[in-house]
Amino acid sequence: MVVGKLGAEVSLPKPIVRTLLLPGLVLAAGLSLPTVAAQQAPRPEFLTTPAQREAIELAAVRGLDYIPGEVIVKFRQGTTVAGQTRALDALRSRPTADRLQWISDRTARLQVDGDVDSPAIAAALSRQPEVEYAHPNWLLKPKLVPNDTSFGLRQWNLTAINMPGAWDVNPGGAGITVAVIDTGMTSVTATYGFKTWSGSAIVTDEMPFAISPDFAAARIAPGRDFVFWTGPVLDSDGHGTHVSATVGQSTNNNLGFAGMAYNAKVMPLKACLSFWDVQILRSEQGVPGYAALNSDFCPTSAVISAIRYAADNGAKVINLSLGGTNPSPSYVDALNYAVSRGVFIAMAAGNEFEDGNPTTYPASYAPSIQGAMSVGAVGRSNTRAPYSTTGSFVEIVAPGGNGRDGGSAGLIWQAGIFFTDYDPEVIIFPRFDRYSDVAIQGTSMASPHVAGLAALIMSQGITSPAAVEAIITRTALDLGTAGRDNDFGAGLIQPRAALRGFGMVR
């Protein structure tokens, strides 16, 4: 078993791919290779500075769960610049207020030079009267019957919750935008000349990217990258693409797989760095050698910025298939902000049951926020997936896959980037323009089922996130101990019942 990307998702040692050998190509059955056209455009700017990139790599090497030298600080209402400066004077390096990188009107990210002990920095700031809270910049990990060719063969997850019956009621959730905060989803077909390490020198490599052939480009809402660069959103990891596909991949298009809300739009918000992102940043900044293989992180500062961005830019649903084990009040602020603006939020409950079953954040905040739900995972036999974190904060479950329950057939299959093209353990010059059938398991995979269902409900005119949560809860199929329990919450989502209930459809 391997602890994987985003929300420590559980997967087999390598993502499972089912391929068809074509002349000179390796592609998924039923999928075609998009044309990759070279693109000449002004060079976007990279967002992660050399110091920040070095700190992230240091965290990977030392096994830290925060960015060394970075904290998130929230000042009390009415604190002036002079007050902010007085609070910062409590730190050894005495940074000035212009070092604050603002996330909201009172919350900022602070990078402190010459001091890598983020918990100590946060503790010192928390003692200042001008500060409401301060904590390290924690690092999270990326957690109608369609005629799509692999639907009947592989997507047991959608038949298990009767999505064909649900689509009879609501064909695809038109008019709703779902923000997926993750490693991104490639939004352009283009080739970029990125610097990387050849094994002996820093060289420029032409790296091709392509939109998934099973995802209509017109349904990708304008997104944003919060960690890599100011250019188009690119996924060089695959996790965000897989999650986005479950939310809203095109359906009934004679290609590989189906998505829950296949007429909704998906807004890709990249808040997580992949190994290749860090490798490119390292090389672009002139540092020789390879990045650490486990340097794929989601900084809390990027996640909460993305939540606020989604709420301010038209998203009605947010999916967070990521998590960590450190409580952070900045999550609570961001989640409450989004819900107050009419956004429903689905969050992966965590995949650490067999590793001590720690509480997962931000999912554990869900019970206190009406309109946000923590999602556990079941396998194809409707039993709790053995990795799925349990606890009083688990509110609902959805299919997340279980390799012990049917082998690879029991995982969650979607079209994804062809892993052999970018496997960081063996590939030096990657490409991200070819797609294959990819199977993964984890609460990262369960959460987008709930996000997709929320989009369908909202497309029927339910605008209150709290009402969406109530419908999902009340129509769930009770599993395990009668009534709510810590394994399954209210039970397994029932999309058709949710869409037909409460007078919406007769």
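**Exercise 1.** Decide whether F228 is buried or exposed, then describe how F228 and W229 pair.

*Solution.* Start with F228: its relative accessible area is 2%, so F228 is buried (buried means under 20% relative accessible area, exposed over 50%, partly exposed in between, with a 1.4 Å probe and protein chains only). Next, take W229, which is buried too, with a relative accessible area of 0%. Now the rings: F228 and W229 form a tilted aromatic pair, 5.7 Å centre to centre with 50° between the planes. For reference, rings of Phe, Tyr and Trp (its six-membered ring) pair if their centres lie within 6.5 Å; planes under 30 degrees apart count as stacked, over 60 as edge-to-face and the rest as tilted. Finally, widen the view: ring pairs link F228 and W229 into a cluster with F46, Y192, F194, F209, F419, Y422 and F432.

A word on the model: it is predicted, local features need pLDDT of at least 70, side-chain atom pairs count only at pLDDT 80 or more, and totals for chains, interfaces and linings use all residues. Residues are numbered from 1 along each chain as its sequence is written, and side-chain values use heavy atoms, with hydrogens and water left out.

**Exercise 2.** Find how many aromatic pairs the structure holds, and work through the one formed by F226 and Y309.

*Solution.* The count is 19 aromatic pairs. Among them, F226 and Y309 meet edge-to-face, at 5.7 Å centre to centre and 80° between the planes. Then place them in the chain: F226 is in the loop between strand 12 (224-225) and helix 7 (239-248), Y309 is in helix 9 (residues 300-312), and the pair links these distant parts, 83 residues apart (helices, H or I with at least four residues, and strands, E with at least two, are DSSP runs numbered from the N terminus). As for cover, F226 counts as buried at 16% relative accessibility, and Y309 is buried at 19%.

**Exercise 3.** Locate the disulfide and say which hand it has.

*Solution.* A search of the whole structure finds 1 disulfide (a pair of cysteine sulfur atoms within 2.5 Å). It joins C272 to C298, S to S 2.1 Å. The torsion about the S-S bond of C272 and C298 is about 105°, so this disulfide is right-handed. Because C272 lies in the loop between strand 13 (265-270) and helix 8 (275-284) and C298 in strand 14 (residues 298-299), the pair ties together parts 26 residues apart in sequence. Check the cover last: C272 is buried at 0% relative accessibility, and C298 is buried with a relative accessible area of 0%.
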